[in-house]
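Let's take a walk through a protein model together. Keep the 3D view open and turn it as you read.

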Amino acid sequence: MARKEVLPEVDSLIHEPARLRVLALLTRVDEADFMFILRQTGLSRGNLSVQMTRLEEAGIVALKRELNGARVRTSYRLTPTSRDRLAQYRATMEGLLAGLPRGP
Amino acid sequence: MEAALFAAYWDDGLLDLLVGGALLAAGVGWLIGGTPMALVSAPFWVVLWVPLRRRLVEPYAGYVRYCRERQRRNAHGLLATAALGAGLGAALLVGVLFAGPTGTVPATWVAGLPAGIVAFGLVLAALLTGSVRFHGYAGLMLAAAVVAVWWCVEPGAALAAGALPLLVNGGLRYTHFRRESRAYTEPTP
């Protein structure tokens, strides 16, 4: 018989530091392109590209390509379903962090 | 965090350069051709914002669209600013029309009125964009207005003098922004 876990499981897809920073950014804006996210998070191009692909494959962010003058603008936004997943992650983390000692 | 992101949106110096350019053109226009020429040039600079931002900033800073609440607040702020600007512009016109020995407004005050109004506009710009430096520009513009009244110089000269800090700081900011952008735009070795 499987042992019932008392501590909730953390969503590892969201919990990864680079992805968490990207998601924290995207929750505060409607949409942003790759360059904007790159500058604001300070991640390397390669790392950000990998993280955005992971998030897109998981259905947390949606990609939009549109013509902007002569250039193609690729922007990202959170999907409607990702909000529930992020809210669940937050609740889990708040529950876990509540037991930790507070700073001075 | 959203407010910090929004304030950082204006850090590249383009807004400073455009506002500075508009004020310098208005000031010089005033000195050359009088009030109408100064007023006519203003919309031209507003129209320049989108294409210049798209060409000079967006490729390096990236594109962002803020949430609806922020867009709504900006629209309300801009509307309020435009209404205030129109009101103050009308007050300026009345001041100019009724200035002089027989009028109701002392002529010496009129010399500082345009720069004073612009200083007020710069404070609004600081509040709208969250860019503290615009308070500094407003202070300098107000000082230019006081000097204009004190020494009875042309109103256009005060506007042009108050525009210089915006142009200089805007130029420095944009240069710094482009230099800093190299790290993001050049391919990783």
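## A pocket shared by two chains

Start with the second largest pocket, because you can find its walls by looking for helices: α3 (34–41) of chain A, plus α1 (2–8), α3 (35–61) and α7 (155–185) of chain B, each give at least two residues to its lining. Keep in mind that this is a predicted model. Which helix gives the most to that lining? It's α7(B), with five residues.

How much space are we talking about? The second largest pocket holds about 310 Å³. Its lining has 15 residues, and the ones closest to the centre are A:R39, B:A8, B:D11, B:F177 and B:E180. Sort the lining by chemistry and you get seven nonpolar residues, two polar ones and six charged ones.

## Chain B and one buried aspartate

Zoom out to chain B for a moment. Its secondary structure amounts to seven helices and one strand, and along the sequence they come in the pattern α-α-α-β-α-α-α-α. Of its 189 residues, 38% are buried.

B:D12 is a nice residue to click on. You'll find B:D12 in the loop that links α1 to α2 (14–33) of chain B. Is B:D12 buried or exposed? Its relative accessible area is 4%, and anything under 20% counts as buried, so B:D12 is buried. The side chain of B:D12 has company, too: it reaches the backbone nitrogen of B:L14 at 2.9 Å, and a polar contact of 2.9 Å ties it to the side chain of B:R53.

## One side of a helix in chain A

Now hop over to helix α2 (residues 17–26) of chain A. Its buried residues are A:A18, A:R19, A:V22, A:L23, A:L25 and A:L26. Why do they end up on the same side of α2(A)? Because they cover an arc of only 155° around the axis.

Let's look closer at A:A18, which sits in this helix. With a relative accessibility of 7%, A:A18 counts as buried. At the start of α2(A), a side-chain oxygen of A:E16 comes to within 3.0 Å of the backbone nitrogen of A:A18. A:A18 and A:M52 are 34 residues apart along the chain, yet their C-alpha atoms are separated by 9.9 Å.

## Strands in chain A

Last stop: the strands of chain A. Strand β3 (residues 71–78) pairs with strand β1 (residues 29–33) through two bridges, and these strands run antiparallel. Strand β2 (residues 61–68) also pairs with β3(A) in the antiparallel sense, this time over eight bridges. That makes β3(A) a partner of both β1(A) and β2(A).

Here are some residue partners to look for:

| Residue | Partner in β3(A) |
|---|---|
| A:D33 | A:S75 |
| A:A62 | A:R77 |
| A:R65 | A:T74 |

While you trace these strands, remember a handy rule: in a regular strand, side chains alternate between the two faces of the sheet.

What happens where β2(A) turns into β3(A)? The two strands form a hairpin with two residues between them, and A:G69 takes a positive phi near 70° there.

Definitions and conventions. Residues numbered from 1 in each chain as written. Chains lettered and ligands numbered in written order. Predicted model: local features only at pLDDT ≥ 70, side-chain atom pairs only at ≥ 80, totals over all residues. Heavy atoms only, no water. Pairing = 2+ DSSP bridges. Helix = DSSP H or I, 4+ residues; strand = E, 2+ residues; numbered from the N terminus. 1 Å grid on protein atoms, 1.4 Å probe; cavity = no way out; pocket = protein on both sides within 12 Å on 5 of 7 lines; lining within 4 Å. Points joined across faces, edges and corners; volume = space filled by probe spheres on them. Nonpolar A, V, L, I, M, F, W, Y, C, P; charged D, E, K, R; others polar. Buried < 20%, exposed > 50% of the residue type's maximum accessible area, 1.4 Å probe, protein only. Arc of directions from axis to C-beta. Polar contact = N/O pair within 3.5 Å; in protein donor to acceptor, adjacent residues only side chain to side chain.
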